[in-house]
Amino acid sequence: MILARAAEVSRRYGDTLALDRVSLDVAAGELVGLLGPNGAGKSTLVNLLTGLRRPSSGRVELCGGDPRRPASRRTLGVTPQETGLPASLRVGEVVDFVRAHYADPISRDELLDRFGLTDLVRRQTGGLSGGQKRRVAVALAFAGRPEIVFLDEPTTGLDVEARHALWEAVRAFHADGGTVVLTSHYLEEIEALARRVVVIGGGRVLADDTVEAVRGLVAVRRVSLTTTAPLPELAGLVGVEHDGGRTHLLTGDADGLVRELVTREVPFTDLEVRPTSLEEAFLSLTRTPIAA
Ligand SMILES: Nc1ncnc2c1ncn2[C@@H]1O[C@H](COP(=O)(O)OP(=O)(O)OP(=O)(O)O)[C@@H](O)[C@H]1O
């Protein structure tokens, strides 16, 4: 059963095309990571699928209906990228307030325990640290025993220990049959939780595959050299850039590329091989057509 679906969805904000004909199906029981750099369109996609915004064109569905209808959202839990908690309420009071919206909520103690918040139950949210607030915001998505949860960058601002505790809670929800869609800038984070990763860049789905396959796509290296000769056709190139007399070759197999440069007798000086950032890897993916 498909719980969330985007079909050829585009979304514009004025002149900005935030999503460009994106299609995505999330089946019940899946844990899907949306990976992409800043401004890729991840939050926009989450906002459309959770009914916070309308697509400019295309269709979105949540639990078989229009996400903007409250009935479709009954079994939905969301933690948006930014949340505001009522500063003067205690953690326990906020949890109870959210629980009160649902017919069969999880018990307060269980929710607090799952997210390691039991010690904070009497603390006013205004006095919590950024990481503590984030953990409360994520926990609230689970208050109504949702079938599907959308978590937009859930671990932003969390230290390593808190991040791992949160991953554990998400894994437990998923192990019980829950469906999760989470966004992240980090493949490592998605790898820790999901098998399926959807890479979004420039408002498009660049890849929708296993974490292992995507790791191969984004493990791009930059081989820089100075040469006066025109370059022959080289295998495995995902991008070429020129700047100030230097040529930068982006490739998934730097060793193979260097071997090829040598065997093809390309004259070069000042060879340099370095990893690209994920951001650069995404840019090269955006420029290179990738078989979906
Ligand atoms: N309300 C808005 N008004 C105008 N432009 C917007 C709005 N929301 C998003 N955008 C633009 O749409 C594009 C996609 O933004 P979005 O927030 O969906 O990306 P993202 O992948 O979630 O990025 P980040 O990782 O930085 O949160 C960006 O160019 C952004 O500036």
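## Close-up views of the predicted model

**View 1. The shell around the ligand draws on a strand and a helix.** Strand 2 (16-27) and helix 1 (42-49) each supply at least two residues of the shell around the ligand. As with every view here, what you see is a predicted model. Which element gives the most to this shell? Helix 1 does, with 3 residues. The residues that surround the ligand are Tyr 13, Thr 16, Ala 18, Gly 36, Asn 38, Gly 39, Ala 40, Gly 41, Lys 42, Ser 43, Thr 44 and Gln 81. Sorted by class, the shell contains 3 nonpolar, 8 polar and 1 charged residues.

**View 2. Strands 2, 1 and 4 make an open sheet.** Stepping across this sheet, the 3 strands come in the order 2-1-4, with antiparallel pairing. Strand 2 and strand 4 (57-62) are the edge strands, and each of them pairs on one side only. From one strand to the next, the twist averages 20 degrees. Helix 1 packs on this sheet, where it touches strand 1, strand 2 and strand 4. The direction of helix 1 makes about 120 degrees with that of strand 1. Looking back at the first view, helix 1 and strand 2 are also the elements that each give at least two residues to the ligand shell.

**View 3. Strand 1 and strand 2 pair in the antiparallel sense.** How many bridges link strand 1 and strand 2? Strand 1, which covers residues 2-13, pairs with strand 2 over 8 bridges. A handy pair to pick out in this view is Val 9 with its bridge partner in strand 2, Val 22.

**View 4. Strand 5 is buried on both of its sides.** In strand 5 (residues 76-79), Leu 76 and Val 78 point one way, while Gly 77 and Thr 79 point the other way. Are these four residues buried or exposed? All of them are buried. Strand 5 pairs with strand 6 (residues 148-152) in the parallel sense, over 4 bridges. To find this pairing on screen, start from Gly 77, whose bridge partner in strand 6 is Val 149.

**View 5. Two domains are assigned along the chain.** This view steps back for a moment to place the others. The domain assignment gives domain 1 as 2-216 and domain 2 as 221-275. How many Å separate the centres of the two domains? Taken over C-alpha atoms, the centres of domain 1 and domain 2 are 41 Å apart. Along the principal axes, the C-alpha atoms of the protein fill a box of roughly 70 × 40 × 35 Å. The protein has 9 helices and 13 strands, and buried residues make up 37% of its 292 residues. Among contacts between residues at least 6 apart in sequence, 67% join residues at least 24 apart.

**View 6. Strands 11, 12, 10 and 13 make an open sheet.** The 4 strands of this sheet follow the order 11-12-10-13, and the pairing is antiparallel. Strand 11 (237-243) and strand 13 are the edge strands, each pairing on one side only. The twist here averages 20 degrees from one strand to the next. Helix 8 lies across strand 10, strand 12 and strand 13, and this helix runs at about 25 degrees to strand 10.

**View 7. Bridge partners guide the eye across this sheet.** Begin at the edge with strand 11, which runs antiparallel to strand 12 and is joined to it by 6 bridges. Here Leu 237 stands opposite Thr 251 of strand 12. Moving on, strand 12 (residues 246-251) pairs with strand 10 (residues 221-226) in the antiparallel sense over 6 bridges. Thr 226 has Arg 246 in strand 12 as its bridge partner. Strand 10 also pairs in the antiparallel sense with strand 13 (residues 269-275), over 5 bridges. In this pairing, two arginines are bridge partners: Arg 222 and, in strand 13, Arg 274.

**View 8. Glu 265 sits in a loop.** The loop that holds Glu 265 is the one between helix 8 (254-263) and strand 13. Why does Glu 265 count as exposed? It does so because Glu 265 has 8 C-beta neighbours inside 10 Å, and a residue is exposed with 12 or fewer. Where does Pro 232 lie relative to Glu 265? These residues are 33 apart along the chain, and their C-alpha atoms are separated by 9.9 Å.

Note on methods: Residues are numbered from 1 along each chain as its sequence is written. This is a predicted model: local features need pLDDT of at least 70, side-chain atom pairs count only at pLDDT 80 or more; totals for chains, interfaces and linings use all residues. A residue is near a molecule or strand if its C-beta atom, placed from the backbone, lies within 6 Å of it. Ala, Val, Leu, Ile, Met, Phe, Trp, Tyr, Cys and Pro count as nonpolar, Asp, Glu, Lys and Arg as charged, and the others, Gly among them, as polar. Two strands pair if DSSP finds at least two bridges between them. Axes are lines fitted to C-alpha atoms, for helices over the stretch in contact, and angles run from 0 to 180 degrees between N-to-C directions. Two residues are in contact if their C-beta atoms, placed from the backbone, lie within 7 Å. Domain bounds come from an automatic or database domain assignment. A residue is buried if 20 or more other C-beta atoms lie within 10 Å of its own, exposed if 12 or fewer, and partly exposed in between; C-beta atoms are placed from the backbone.
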